[in-house]
Amino acid sequence: MPALQRDEAQTRARLIDVHRYAVELDLTHGEERFGSRTVIQFTARAAGDTFVELKPVELRSATLDGHPLDPEALDDNRLPLTGLTPGDHELRLDATMRYSRTGEGMHRFTDPADGEAYVYTQLFMDDVQRVFAAFDQPDLKAVFELTVTAPEGWSVLANGITEHLGQGRWKAAPTPLISTYLVAVAAGPWHSVRTEHAGLPFGIHCRRSLAPHLDADAEELLDLTRRCFDRYHEIFEEPYPFDSYDQAFVPEFNAGAMENPGLVTFRDEFVFRSAVTDTERQTRGMVISHEMAHMWFGDLVTLQWWDDIWLNESFAEYMGYQVLAEATRFTDTWTDFAVARKGWGYDADQRPSTHPVAPAPEDVPDTASALLNFDGISYAKGASALRQLVAWMGNKDFLTGINDHFARHRFGNATLADFIDSLARATDRDVHAWAARWLRTTGVDTLTPEVREGADGHWSLTVHQAGSADGTRPHHLTVGLYDHDPHTPGRLLPRAPLSWDLPHTGDHSATGGRPALLLLNDQDLTYAKVRLDPRSWDTALAALSGLPDPLTRAVVWNAARDMVRDGELPPTAYLDAARAHLPHETDLAIVQGVLAFARTQIADRYLTAQERHTALTTLTALSRDILRRTEGPENGAATGLRLVAVRALISSATTPEGIQDWLDDGSVPGGPHLDPELRWRILGRLATLGATTPALIDAELTRDPSATGREGAARCHAALPDPAAKQAAWDALFTTDETGGKPVLSNYLFTATATGFWAPEHHDLLRPYVARYFADVPALAAARGPALAAAAGRDAFPAVVVEEDTLRLGESCLADGDPTPALRRKLIDQLDDLRRALAVRAAATGSGA
């Protein structure tokens, strides 16, 4: 399928205006296919030729202004429209389409818990063509009228309010002008909770088998939705632009959520069927807030071409965290951002695949290249840049510029230049110069303090700034100053902080004795790696948990993380700091983030096999320390910390003793009781350790026959240290069609199987599969499309085999294997992470960086 070229899109936008789509979908044709009829009304500004996109199983008929077109003229996904004359036209197409099992187009899912089927659309980038014919580019907005015929007993959700006409037919209210990729339909026997707010119908929806879990959280979900909705109306002058607000939690969803106007779709893991921490509830709230921000930035005002995807995602990422903090009980959102998201941006920005937040137009020539930019740069770095922009220009002027942007481009399309012009009108700051340095460059700056002490308590500070090949950026940041509390050992007290601008601020001189800890970028207002001077680092190692603000502690932990990745801090030193301070940490986001880095990066990748066992023992002991600390009467914080510690202890267990007892007893002594998530987690670890059997895994699946149970069983079977189990998992992963009688794995079952397969404990058993991976994965990616290609590069990659031979085989695959763009990008990133892991190991052993 040829990707749409930017110049083709520009040519088509100059030739035609699209007014209205009437789309009829028939979902009653069985489990594999559905019917799709489309009528498109458009105007040609001049005589010329163009094309419409469609990816059907069969194009039954097509007419232009009543004249038949040859269905055989469909070339891959393009049907030529030749000899257009100036004026109005009507295009009609009747096609049979195929349901997806990869989360793209119209995805169909049968719930193993009750046999009920559900379908939903994910039409992002160019997947609308899998559902109906379209002039598929974001700047050809139109009104969409949808009619859906569904099986009896189903309900249908769409961008507008839907009406049941009888006999399974549903009609959605016409949309305002929206882009093709934002059209949405979700159909099935949904369980729905409906209410009204601000004169609009609101609803939340999920599979019937999840109904009790949705009902348990319905008030929390709706309260968050109402609070964020009201806050957006306080800061945005443009009212919510659509006729309803539905949120559907759908199965096997590839992303966190999708901002379809009036019908946001979320991955239904956000309907919690097992215990979660308050930080995980906060994350769900952030996603709700993030997607609601898109109703204005992305849906009301839409990018003109995909080079400006950051306008959608960076803005929604920033506003998601900020509005959640302002409007709800989750007031520490930026700590979670610092720990859980910011590293995503830092890591992406240091790889060969880095790109500017706002790439140059020539760097995004087509939709295939645009799809690669949905990464930590477009989300986390872009949001960090906006947070720095707000710190620099002020929130009032920032919001004035945003509202100007909405007013000028409502229901239209806009570019980076349009956005920056609106900001510039709101401030006397040179926003254009700021954008050139922050949005058009790559790489992350590193800020290093130099502290000099003189006589009589005099001290001075200089900040050294190192950048990338693109130079450095201006920064407005806070320098935190902390002293030891003379009355409470291990506690640090803040002095008045310093406000610092780079590159404008010179040296700072002061009297009164230098602080015990000096921290650049305290409160995390800018995007930069920071280092600590030797005395400050010693203080942090001794008293990190004694810092009063969790966001300050997060900045220190991020500095330690970056130092490990850069080979400047031994991985074991990070583990020692975690062992010393996490038992005293009260912020759940920090505990989760530090444990995740220690377990998945340090233990599994940065340490040798011999060192890994010691690291897992340390993490197990640390987890037990937290469990001991949280014994006794339960409270919210203790419950969350216990859950984090139990999960960490399970994943780090080196023997089955202890966790097998928990599974047998159905509970951890002192709590929690084992819910399905914890039972599958324990069984997965036991499988990796060779301490369970296929029969016991199947028995657990009988106990929990849900979709997540099915994924848990797939993960456990693949984790068994048995040659036959590994071969069976491999065959399942790399089956690309069902002609041989084997089912093709859905996107979620693929990921579950892949993550179970690659266990560091099975190093010798897995080594032969490294070469097989690089030989087999290009064909898999080509056969199964971008979503599975990304999963194959992310989850099925042999990341735990940290060897030069893995690197050599991967580089050969890039050179000679002809991987698809989605797979190539993942391989480039994974191989760079592998090089970094090898360098960290070499630095730790003193054999070079």
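User: How many salt bridges does the count come to in this structure?

Analyst: The model is a predicted one. A pair is counted when a side-chain nitrogen of Lys or Arg lies within 4 Å of a carboxyl oxygen of Asp or Glu. By this rule the number of salt bridges is 67.

User: Which residue forms a salt bridge with R207, and how many residues apart are the two?

Analyst: R207 forms a salt bridge with D268, and their closest N and O atoms are 2.8 Å apart. R207 sits in the loop between β16 and α2, and D268 in the loop between β19 and α3. Both R207 and D268 are buried. The partner of R207 is D268, and the separation along the chain is 61 residues.

User: What is the sequence separation of the parts tied together by E238 and R410?

Analyst: E238 and R410 form a salt bridge, with the closest N and O atoms 2.9 Å apart. E238 lies in the loop between α2 and β17, while R410 lies in the loop between α8 and β21, so the pair ties together parts of the chain that are apart in sequence by 172 residues.

User: Is E238 buried or exposed, and what is the class of R410?

Analyst: The cut-off for buried is under 20% relative accessible area, and partly exposed runs from there up to 50%. E238 has 14% relative accessibility, so E238 counts as buried. R410 has a relative accessible area of 42% and is therefore partly exposed.

User: Where do R535 and E453 lie, and how many residues apart are they?

Analyst: R535 forms a salt bridge with E453, the closest N and O atoms being 3.5 Å apart. R535 is in helix α11 and E453 is in strand β22, which puts them 82 residues apart.

User: Why does R535 count as partly exposed, and what is the class of E453?

Analyst: R535 counts as partly exposed because its relative accessibility is 38%. E453 has a relative accessible area of 53%, so E453 is exposed.

User: Which residues are linked with R836 in a network of salt bridges?

Analyst: The network includes the positive residues K529 and R531 as well as R836. Its negative residues are D566 and E568. The residues linked with R836 are thus K529, R531, D566 and E568.

User: Which side chain of opposite charge is nearest to R841?

Analyst: R841 is found in helix α26. Beyond its sequence neighbours up to four places away, R841 touches R605, Y606, L607, T608 and V802. R841 is buried but has no salt bridge. The nearest side chain of opposite charge is 6.2 Å away and belongs to E611.

User: Which element gives the most to the lining of the largest cavity?

Analyst: The search finds 4 cavities of 30 Å³ or more, and the largest cavity has a volume of about 60 Å³. Its lining includes Y346, N521, D524, K529 and D562, and by class it has 5 nonpolar, 2 polar and 3 charged residues. The elements that give two or more residues to this lining are β29 and α12. The one that gives the most, with 4 residues, is α12.

User: Is Y232 buried or exposed, and how far apart in space are Y232 and M292?

Analyst: Y232 is in helix α2, and with a relative accessible area of 0% Y232 is buried. Among the residues Y232 touches are S289, M292, W296, M319 and V323. Y232 and M292 are 60 residues apart in sequence, and their C-alpha to C-alpha distance is 8.5 Å.

Notes
Residues are numbered from 1 along each chain as its sequence is written. This is a predicted model: local features need pLDDT of at least 70, side-chain atom pairs count only at pLDDT 80 or more; totals for chains, interfaces and linings use all residues. Side-chain values use heavy atoms; hydrogens and water are left out. Buried means under 20% relative accessible area, exposed over 50%, partly exposed in between (1.4 Å probe, protein chains only). Contact means heavy atoms within 4.5 Å. On a 1 Å grid over the protein atoms alone, a cavity is a set of points where a 1.4 Å probe fits but cannot get out, and a pocket is an open set with protein on both sides within 12 Å along at least five of seven lines; lining residues have an atom within 4 Å of a point. Grid points are joined across faces, edges and corners, and a volume is the space filled by probe spheres set on the points. Ala, Val, Leu, Ile, Met, Phe, Trp, Tyr, Cys and Pro count as nonpolar, Asp, Glu, Lys and Arg as charged, and the others, Gly among them, as polar.
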